[in-house]
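Hi,

Here's the structure I promised to pass on. Have a look at it first, and then read my notes underneath.

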Amino acid sequence: MATKWPVLDYNSWKDTLATVHRWTQVIGKIRLRSMPWLNHSWHVTLAVSPAGLSTGSMPYPGGLFQIDFDFIHHRLRIITSAGSQETLELRPMAVADFYNAVFEKLKKLEVDVEIFTMPSELEDAVPFEDDYTHRSYDAARMEECWRALVHIHIVFTRFRARFTGKVSPVHFFWGAFDLAVTRFSGRDAPLHTGSAPNMPARVMQEAYSKEVSSCGFWPGSDAFPEAAFYSYAYPAPEGFAEQPVKPEGAYFSQELGEFLLPYSVVQQSANPEKTLMDFLQSTYEAAANAAQWDRSALECDLTSFENDYGCFRV
């Protein structure tokens with residue numbers, strides 16, 4: 001029997017979300033400084049893991065190190081290829097205390113890294129070392145959000161497999177605290193003119209240098225206090241907003257310029273996985289059809305390999 005998707009009520013855990021959002025930025029910025037720059041800033045992202053969120057392996061002079069959020073046992077774990085590790089209990093803790101504790105543990109592990117301590121993509125941001133306001137941690141609510149991310153990651157991964165063109169990993173952007181996957185048409189995009197707090201224009205322009213159809217999930221904000229899935233096209237082709245999409249409950253937000261589907265529609269569905277896949281596929285088709293992508297060259301169905309060879313060593 002499939003595991004039921006958890007209920008996510010933004011107002012019941014928004015203080016925890018605000019705190020953990022900033023914690024993930026501390027760890028994400030460590031990854032940013034430790035990794036070589038990849039196209040579209042893919043090197044900065046975290047990944048959904050069997051226990052939480054992970055940086056994956058990062059280089060340092062002693063070899064490799066990795067930082068993992070564990071939202072089952074509620075701890076942060078830092079491990080190195082030299083065989084050393086440090087842990088930090090995840091509990092109600094100010095961002096400043098979290099920041100200081102993380103860098104004390106990195107020093108013990110002889111991992112030397114410096115980060116820009118101003119949060120990215122957040123209004124009214126306060127440097128990590130000065131933030132004693134955000135200090136909430138509701139372990140149960142945080143675990144529920146992560147378990148939702150696990151379900152979503154599985155569907156996003158299946159959706160990603162249907163594309164043979166350039167496509168991003170399924171990855172977690174700590175700037176906006178969203179899980180996303182992006183497909184590319186292969187064509188250049190016009191120069192991006194948007195902006196975000198503490199985000200250099202040059203970075204935004206490179207990130208949106210190619211034509212895309214992107215979908216994702218975010219757990220909500222004070223401006224939009226509801227967990228939701230989104231799907232947008234850049235540049236948005238003429239007629240994109242008028243394209244038919246599924247399921248019932250999905251709609252186009254003129255204010256945000258993208259299709260939205262409340263998480264609750266998926267969570268309450270008799271078949272959440274199919275409901276979410278319908279949204280991902282139909283909104284991608286809305287972008288690809290309106291922009292006249294070469295769909296026959298970009299899409300694929302390799303499930304026959306799974307059916308024919310999934311049980312064998314190949």
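Below is what I found, going from the sheet to the helices and then to a few backbone oddities.

One thing to keep in mind throughout: this is a predicted model.

Let's start with the sheet. It is an open one, built from 6 strands in the order β7-β8-β9-β10-β12-β11, and the pairing is antiparallel. At the edges you'll find β7 (171–173) and β11 (251–253); each has a single partner strand, so one side of each has no neighbour in the sheet. On average, neighbouring strands are turned by 35° against each other, if you ignore direction. As a reminder, strands in a sheet pair through backbone hydrogen bonds, and they can do that parallel or antiparallel.

If you want to check one pairing by eye, try β10 (residues 228–234) with β12 (residues 258–262). These two strands run antiparallel and share 4 bridges. A handy landmark is Ser 231, which sits opposite Phe 259 in β12.

Now for the helices that go with this sheet. Which strands does α3 lie across? They are β8 (178–188), β9 (210–218) and β10, and the helix runs at about 20° to β8. Helix α6 (residues 272–290) lies across β8, β9, β10 and β12, and its angle to β10 is about 15°. I also did a quick length check on α6: at 1.5 Å a residue, its 19 residues should span 27 Å, and the end C-alpha atoms are indeed 27 Å apart, so the two agree. Following α6 comes Gln 292, with a positive phi near 60°.

How do α3 and α6 sit relative to each other? Their axes come within 10 Å and cross at roughly 45°, so the two helices count as oblique. The crossing of α3 past α6 is right-handed. On the α3 side, the contact uses Ile 152, Val 155, Phe 156, Arg 158 and Phe 159, while α6 brings Glu 273, Leu 276, Met 277, Leu 280, Gln 281 and Tyr 284. By type, that contact splits into 8 nonpolar, 1 polar and 2 charged residues. When you look at the spacing, remember that an α-helix has 3.6 residues a turn, so residues three or four places apart point the same way.

There is another helix contact to look at, between α1 (residues 10–34) and α3 (residues 139–160). Here the axes come within 9 Å and cross at roughly 75°, so α1 and α3 are roughly perpendicular. Ser 12, Trp 13, Thr 16 and Val 20 of α1 make this contact with Arg 141, Met 142 and Cys 145 of α3. The split is 4 nonpolar, 2 polar and 1 charged.

Finally, the backbone oddities. Most residues other than glycine have a negative phi, and most peptide bonds are trans. Against that background, have a look at these:

- Tyr 234 and Pro 235 are joined by a cis peptide bond, with omega about -10°. Pro 235 is in the loop between β10 and β11.
- Lys 246 and Pro 247 are also joined by a cis peptide bond, and omega is about -5°. Pro 247 lies in the loop between β10 and β11 too.
- Ser 41 is not a glycine, yet its phi is positive, at about 60°. You'll find Ser 41 in the loop between α1 and β1 (47–48).

Cheers

Technical notes. Residues numbered from 1 in each chain as written. Predicted model: local features only at pLDDT ≥ 70, side-chain atom pairs only at ≥ 80, totals over all residues. Heavy atoms only, no water. Axes fitted to C-alpha atoms, helices over the stretch in contact; angles between N-to-C directions. Parallel < 35°, antiparallel > 145°, perpendicular 65-115°, else oblique. Contact = heavy atoms within 4.5 Å. Nonpolar A, V, L, I, M, F, W, Y, C, P; charged D, E, K, R; others polar. Pairing = 2+ DSSP bridges. Expected span 1.5 Å × (residues − 1). Left-handed = near helix turned anticlockwise from the far one by under 90°.
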